[in-house]
Amino acid sequence: HWCRRNKVPYVSWTDGTINSEKNIGRLQKLSRKYIFKRADAFIGSSHAAMENQLRYGADEKHCHISMLTVDLDKYYIAGRVGYPDKLLYVGSLIERKGVDLLFKAFAACDNKSLRLVLVGDGKEKDNLMNLAGQLGISDRVDFRGFLAGQALRECYKTAGAFVLPTREDCFGLVLLEALCSGTPIVASKYADGAYDTVHPGENGLIVDPEDTDALAEAIDSILGSEEIQRRYSQNCRQYIPQFEFEAVMQGYLQAIAFVTSGNK
């Protein structure tokens with residue numbers, strides 16, 4: 001409102017998506033409409049975020065993408081030695097992340113020799129340990145707790161596939177970690193960053209984590225084929241450049257250049 005009153009152009013940035021904001025209140029929706037309809041340009045942290053801006057009245061001609069990213073060099077792994085029987089999850093152990101859904105699918109996998117490594121901690125840990133016991137998979141689930149640095153890199157290096165079964169994520173930066181490490185990915189369709197990081201049939205799969213059979217089938221299909229793991233891993237490299245700092249900053253530069261050019 002201050003910008004409009006003082007005739008100062010402003011750029012609206014968001015990482016909110018249609019899925020992540022499906023339960024927001026009426027006042028929040030009204031504030032978004034007010035902001036988006038009056039902005040001079042728009043930056044979305046993913047294509048899903050841009051779609052959300054368009055829903056609220058953003059002008060598509062003035063929309064720009066600046067992907068969320070991480071320090072890619074920290075996760076780049078040369079000479080991967082992924083084990084075909086090891087599935088990796090990295091993230092908080094909270095209800096929203098859908099690890100309980102993963103456990104049910106893991107128990108339903110055809111290959112009963114698979115092992116699941118969980119990196120992360122959270123308030124659902126005890127419940128998840130109990131669930132693992134009920135499902136008969138306790139001896140195949142390894143709770144590693146929070147890891148960082150070389151210890152985390154080693155988990156990516158030795159994983160045959162990475163899984164993110166989240167019920168909701170604006171992006172899911174762990175997908176980028178997996179992508180950079182060259183780890184084949186099984187991503188939830190509710191991880192909005194999956195549509196920019198995972199190319200189904202090329203470097204991973206996108207599934208509904210609430211469909212136990214579909215999630216189990218996706219895990220089996222990747223971990224059951226060393227050829228698929230190798231191909232998916234190799235294909236990960238071609239999708240990394242769009243997340244390099246030099247690339248993601250272009251959306252900001254374009255938006256700023258537009259609103260300062262006087263051509264609005």
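What follows is a walk through a predicted model, from a helix near the start of the chain to the segment after helix H11.

A convenient place to begin is helix H3, which covers residues 47-55. Five of its residues, Ala-48, Ala-49, Met-50, Asn-52 and Gln-53, are buried. Strand S1, helix H2, strand S2 (41-44) and strand S3 (63-65) are among the elements that cover them. After H3 comes Gly-57, which has a positive phi near 105°.

Just before this helix, the loop between S2 and H3 holds Ser-45. Its relative accessibility is 0%, so Ser-45 counts as buried. Which residues is Ser-45 in contact with, leaving aside its neighbours within four places in sequence? They are Trp-13, Thr-14, Asp-15, Ser-66, Met-67, Leu-68 and Phe-171. Of these, Trp-13 comes up again below, as part of a patch on the surface.

Next come the charged pairs. The whole structure contains ten salt bridges. One of them joins the side chains of Arg-32 and Glu-21, with an N to O distance of 3.0 Å. Arg-32 belongs to helix H2 (residues 26-38), while Glu-21 sits in the loop between strand S1 (11-14) and H2, so this pair ties together parts that lie eleven residues apart in sequence. Is Glu-21 buried or exposed? Glu-21 counts as buried because its relative accessibility is 8%, and the cut-off for buried is under 20%.

A second salt bridge is formed by the side chains of Asp-59 and Lys-61, at 3.3 Å from N to O. Asp-59 has 27% relative accessibility and therefore counts as partly exposed. Lys-61, at 67%, counts as exposed.

A third pair is Glu-95 with Arg-167, where the closest N and O atoms are 3.4 Å apart. Glu-95 is in the loop between strand S4 (86-90) and H4, and Arg-167 is in the loop between strand S7 (161-164) and helix H7 (174-181), so the salt bridge ties together parts that are 72 residues apart in sequence. Glu-95 has a relative accessible area of 46% and is therefore partly exposed. The pair also belongs to a network of salt bridges that links Glu-95, Asp-100 and Arg-167.

Asp-100 of this network falls within the span of helix H4, residues 99-108. This helix packs against helix H9 (residues 212-223) at an angle of about 65°, and the two axes are 8 Å apart. On the H4 side, the contact is made by Leu-101, Leu-102, Lys-104, Ala-105 and Ala-108. On the H9 side, Thr-212, Leu-215, Ala-216 and Ile-219 take part. An α-helix has 3.6 residues a turn, so residues three or four places apart point the same way. The crossing of H4 past H9 is right-handed.

The last stop is the end of the chain and the surface around it. Helix H11 spans residues 245-260 and includes Ile-256. With Trp-13 and Tyr-252, Ile-256 forms a nonpolar surface patch, and together the three have about 300 Å² of accessible area. Ile-256 counts as partly exposed because its relative accessibility is 46%. In the segment after H11 is Gly-262, which counts as exposed because its relative accessibility is 60%. How far is the C-alpha atom of Gly-262 from that of Asp-208? The two atoms are separated by 45 Å, and the residues are 54 places apart along the chain.

Key:
Residues are numbered from 1 along each chain as its sequence is written. This is a predicted model: local features need pLDDT of at least 70, side-chain atom pairs count only at pLDDT 80 or more; totals for chains, interfaces and linings use all residues. Side-chain values use heavy atoms; hydrogens and water are left out. Patches are made of residues with over 30% relative accessible area and no salt bridge: like charges are joined within 9 Å, nonpolar side chains (Val, Leu, Ile, Met, Phe, Trp, Tyr) within 5 Å. Accessible areas come from the Shrake-Rupley method with a 1.4 Å probe; for residues, only the protein chains shown count as cover. A salt bridge is a side-chain nitrogen of Lys or Arg within 4 Å of a carboxyl oxygen of Asp or Glu. Helices (H or I, at least four residues) and strands (E, at least two) are DSSP runs, numbered from the N terminus. Buried means under 20% relative accessible area, exposed over 50%, partly exposed in between (1.4 Å probe, protein chains only). Axes are lines fitted to C-alpha atoms, for helices over the stretch in contact, and angles run from 0 to 180 degrees between N-to-C directions. A crossing is left-handed if the near helix is turned anticlockwise from the far one by less than a right angle, and right-handed if clockwise. Contact means heavy atoms within 4.5 Å.
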